[in-house]
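This report describes a structure by its local surroundings and by the open space between its parts. Please keep the sequence and the structure in view while reading.

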Amino acid sequence: MESTVGSPLASVVELIRGQLENQREKQPILLVGGIGSGKTAAGLRLLSLLRSYGIQVGGILAPRVLEGEETVGYSIIDLSNNATHPFA
């Protein structure tokens, strides 16, 4: 199991685990921030940590498609099966 000690996401993972123990219905998690602020990277790290605890994860991430430093589109990653699809 991947350690969350010292991870900035440790408190988020513990919060999610606590919520899952106390409720039957899953709640969405929405990451917000400016372009290039690390939302996708944080989402992928959070995905890995949650899966390391055996927590089933679904939803999407939408990483930018870059040409050099220019955003030319987005892809959609389906977190339930890791399939990637072009979006825009």
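## Two serines, one helix and a pocket

Apart from residues within four places of it in sequence, Ser80 touches Val57, Gly58 and Gly59. These contacts, like everything described here, are taken from a predicted model. Ser80 lies in the loop that links strand 3 to strand 4 (83-86), and its C-alpha atom is separated by 4.6 Å from that of Gly58, although the two residues are 22 apart along the chain. The side chain of Ser80 also takes part in a polar contact of 2.6 Å with the side chain of Asp78.

Is Ser80 buried or exposed? Ser80 counts as exposed, because its relative accessibility of 54% is over the 50% cut-off for that class. Ser75, which is placed in strand 3 (residues 70-78), is buried, because its relative accessible area of 16% is under the 20% cut-off. With neighbours within four places in sequence again left aside, the residues in contact with Ser75 are Leu61, Ala62, Pro63, Val65, Thr84, His85, Pro86 and Phe87. The table sets out the two serines side by side.

| Residue | Location | Relative accessible area |
|---|---|---|
| Ser75 | strand 3 (residues 70-78) | 16%, buried |
| Ser80 | loop between strand 3 and strand 4 (83-86) | 54%, exposed |

Helix 2 comprises 14 residues (residues 39-52), and the distance from its first C-alpha to its last is 20 Å, close to the 20 Å expected at 1.5 Å a residue. Within helix 2 the buried residues are Gly43, Leu46, Leu47, Leu49 and Leu50, and the elements that cover them include helix 1 (10-22) and strand 1 (60-61). After helix 2 comes Gly54, which has a positive phi, near 80 degrees.

The remaining topic is open space. Rolling a probe the size of a water molecule over the atoms shows where empty space is left. The largest pocket has a volume of about 930 Å³, and among the 36 residues that line this pocket, those closest to its centre are Ile29, Leu31, Ile60, Leu61 and Leu79. Helix 1, helix 2 and strand 1 each contribute at least two residues to the lining of the largest pocket, with helix 2 giving the largest share, seven residues. By residue class, the lining of the largest pocket consists of 20 nonpolar, 13 polar and three charged residues. Leu61 thus appears twice in this account, as one of the contacts of Ser75 and as one of the residues closest to the centre of the largest pocket.

Terms used: Residues numbered from 1 in each chain as written. Predicted model: local features only at pLDDT ≥ 70, side-chain atom pairs only at ≥ 80, totals over all residues. Heavy atoms only, no water. Helix = DSSP H or I, 4+ residues; strand = E, 2+ residues; numbered from the N terminus. Expected span 1.5 Å × (residues − 1). Buried < 20%, exposed > 50% of the residue type's maximum accessible area, 1.4 Å probe, protein only. Contact = heavy atoms within 4.5 Å. Polar contact = N/O pair within 3.5 Å; in protein donor to acceptor, adjacent residues only side chain to side chain. 1 Å grid on protein atoms, 1.4 Å probe; cavity = no way out; pocket = protein on both sides within 12 Å on 5 of 7 lines; lining within 4 Å. Points joined across faces, edges and corners; volume = space filled by probe spheres on them. Nonpolar A, V, L, I, M, F, W, Y, C, P; charged D, E, K, R; others polar.
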